[in-house]
Amino acid sequence: MTPEANRQHHSAVWLILVIHAGLLARIAVVNAPVFDECAHLPSGLSHWQTGTFDLYLVNPPLVRMLASLPVLCVNSQGDWPVEATHPYDRPEFPAAYQFLRTNKETFLWFFTLARWALIPVSMFGGWICFRWSRELYGTASGFVSLALWCFCPDVLAWGATIMPDAGAAAFGVCAGYTFWRWLQNPVWGRALIAGLALGLCELTKTTWIVLFPLWPVIWLSSRVRRDYETRQSAPLSQMLAIVLLAVYVVNLGYGLEYSFQRLGSFHFISRTLGGPEAHTDSGNVFRETPLEAIRVPFPANYVRGMDVQKYELEKGKWSFLRGEHRHGGWWYYYLYALAVKTPLGTLSLLVIAGCLTVFRADYRIPVSGELCVLVPAAAILVLVSSAGWFQQIPAIRSAGDPESACFRRPRRPVIHLRHRSLQVICGISLLSGVVGSLSVFPHSMSYFNLAAGGPSARVPGTCWMRTLTGDRICLN
């Protein structure tokens, strides 16, 4: 690539990212805060002001701390801490009401500032998608991935909030990219970057804890297969260093607050960890066993947060899908949500890319690359579907846009007309996805594709969201 072409590509990337930032900035101003945002902002402020992490412990603190930083600088009012009277309380919601009452004249401006503070995080996610796809499939595929990220209705919707999901998607893509680069060239510098990225990813959402067992499995698979593009096998010492550095970063993100507590010292409220009576009387199934003396290598609130999530899953929540209320969920809920909330053009690109990968060997990449892209996303989808977790879509479809593979030029020559026709079909699919997403701007949260009736459809109960006042509104 000539220097002039390289400069043009960089300019085009920045132009798309700036457009993405402008879209997010507009959505942040137009849309009122959703219910959970009201608790995330005061919780982030309390972390900075008190140095404690008891509020909103079901999610790690990184995203809300980044969001609350500019609000902290403008002297918002709040009384901290708001303490729980027993382990079953969620004190972040009383803190939210207190914050809104204290700042009733300015809280909307505070939420706008907090949302704007996270725009660079979403831009960073788009840039990583471009870099990863370009290195996997080529420059054209890199721009496709960038467009799919920057104009995805889910990324626009949740990237313009202070919810952790879009941030988790961005840092998740970054972690996957750095890990893949380390597998391609296992040197200590790349190993340290991968460990840092993994730690930051874990500080966005506890769902990403699946990477701790997944990455060693992918590393072992890569080491066994010895892909032809891999220069050398990644050593075990570097894999261990990645994991240990990530654990250290997680502890550092919590200010080393109550790190390495004994497992037997916790008071768990889920039946899984606390015993059959834990829903009414906290306990610990590890007490009076050889495991009680083990030092847990994570902060206490990180562990407690996963326990509280498990407790709420065991209790069950009311969910709503296609006009039906149910206490619990549906195993196919996220598959259905992805089917109706993803633009049809994006889905068609995914189908084309899958077919090319299966039926044309010259469109394939080394197995290590495919594993790093696809396995984490598949694992999260299986995890949240089987456990009934309530996640947002960006945290699920965050594996670097494998749809862009269909824009890759094959390694072996093919009939020119056939390749040109494929490019036209893929280009139309990409354009239709972008246009469909922007057709509902700035109300990207209400997007549904044409198969579900389109943005103007009025299908009863397709999707609901709670407002600041706790009222439910239909988003379609």
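What share of the contacts in the protein with a separation of 6 or more is accounted for by residues 24 or more positions apart? In this predicted model, such residues account for 73% of those contacts.

**Figure 1. Overview of the predicted model, with its 19 helices and four strands.** Of the 476 residues in the protein, 53% are buried. The accessible surface of the protein comes to about 21,200 Å², and carbon and sulfur atoms hold 64% of that surface. The close-up views that follow begin with buried positions and then turn to the surface and the loops.

**Figure 2. Close-up of threonine 178 in helix H9.** Helix H9 spans residues 165-184, and threonine 178 lies within this helix. Threonine 178 counts as buried because its relative accessibility is 9%, which falls under the 20% limit for that class. The side chain of threonine 178 reaches the backbone oxygen of alanine 175 at a distance of 2.9 Å. When residues up to four places away in sequence are not counted, threonine 178 touches Ile193, Ala194 and Ala197.

**Figure 3. Close-up of alanine 147 in helix H7, shown with leucine 431.** Alanine 147 has its place in helix H7, which covers residues 139-150. With a relative accessible area of 11%, alanine 147 is therefore classed as buried. Although alanine 147 and leucine 431 are 284 residues apart in sequence, their C-alpha atoms are 9.4 Å apart in space. Once its neighbours within four places in sequence are left aside, alanine 147 is in contact with Cys152 and with Leu430.

**Figure 4. Close-up of a nonpolar surface patch to which helices H1 and H5 contribute.** Val29, Val30, Trp109 and Trp116 make this patch, which has an area of about 360 Å². Helix H1 (3-30) and helix H5 (107-117) each supply at least two residues of the nonpolar patch. One of the patch residues, tryptophan 116, has its place in helix H5. Tryptophan 116 is described as partly exposed because its relative accessible area is 33%, a value in between the 20% and 50% limits.

**Figure 5. Close-up of the cis peptide bond between phenylalanine 441 and proline 442.** The bond that joins phenylalanine 441 and proline 442 is cis, with an omega of about 5 degrees. Proline 442 is found in a loop, namely the one between helix H19 (416-438) and strand E3 (464-466).

**Figure 6. Close-up of tyrosine 258, a residue with positive phi.** Tyrosine 258 is not a glycine, yet its phi is positive, at about 50 degrees. The loop in which tyrosine 258 is found runs between helix H12 (236-253) and helix H13 (271-274). Tyrosine 258 is exposed, because its relative accessible area is 54% and the exposed class begins over 50%.

**Figure 7. Close-up of glutamate 288, a residue other than glycine with positive phi.** The phi of glutamate 288 is near 60 degrees. Glutamate 288 lies in the loop between H13 and helix H14, the latter comprising residues 300-315. At 76% relative accessibility, glutamate 288 therefore counts as exposed.

Notes:
Residues are numbered from 1 along each chain as its sequence is written. This is a predicted model: local features need pLDDT of at least 70, side-chain atom pairs count only at pLDDT 80 or more; totals for chains, interfaces and linings use all residues. Side-chain values use heavy atoms; hydrogens and water are left out. Buried means under 20% relative accessible area, exposed over 50%, partly exposed in between (1.4 Å probe, protein chains only). A polar contact is a pair of N or O atoms within 3.5 Å; within protein, one must be able to donate a hydrogen and the other to accept it, and residues adjacent in sequence count only if both atoms are side-chain atoms. Contact means heavy atoms within 4.5 Å. Accessible areas come from the Shrake-Rupley method with a 1.4 Å probe; for residues, only the protein chains shown count as cover. Patches are made of residues with over 30% relative accessible area and no salt bridge: like charges are joined within 9 Å, nonpolar side chains (Val, Leu, Ile, Met, Phe, Trp, Tyr) within 5 Å. A salt bridge is a side-chain nitrogen of Lys or Arg within 4 Å of a carboxyl oxygen of Asp or Glu.
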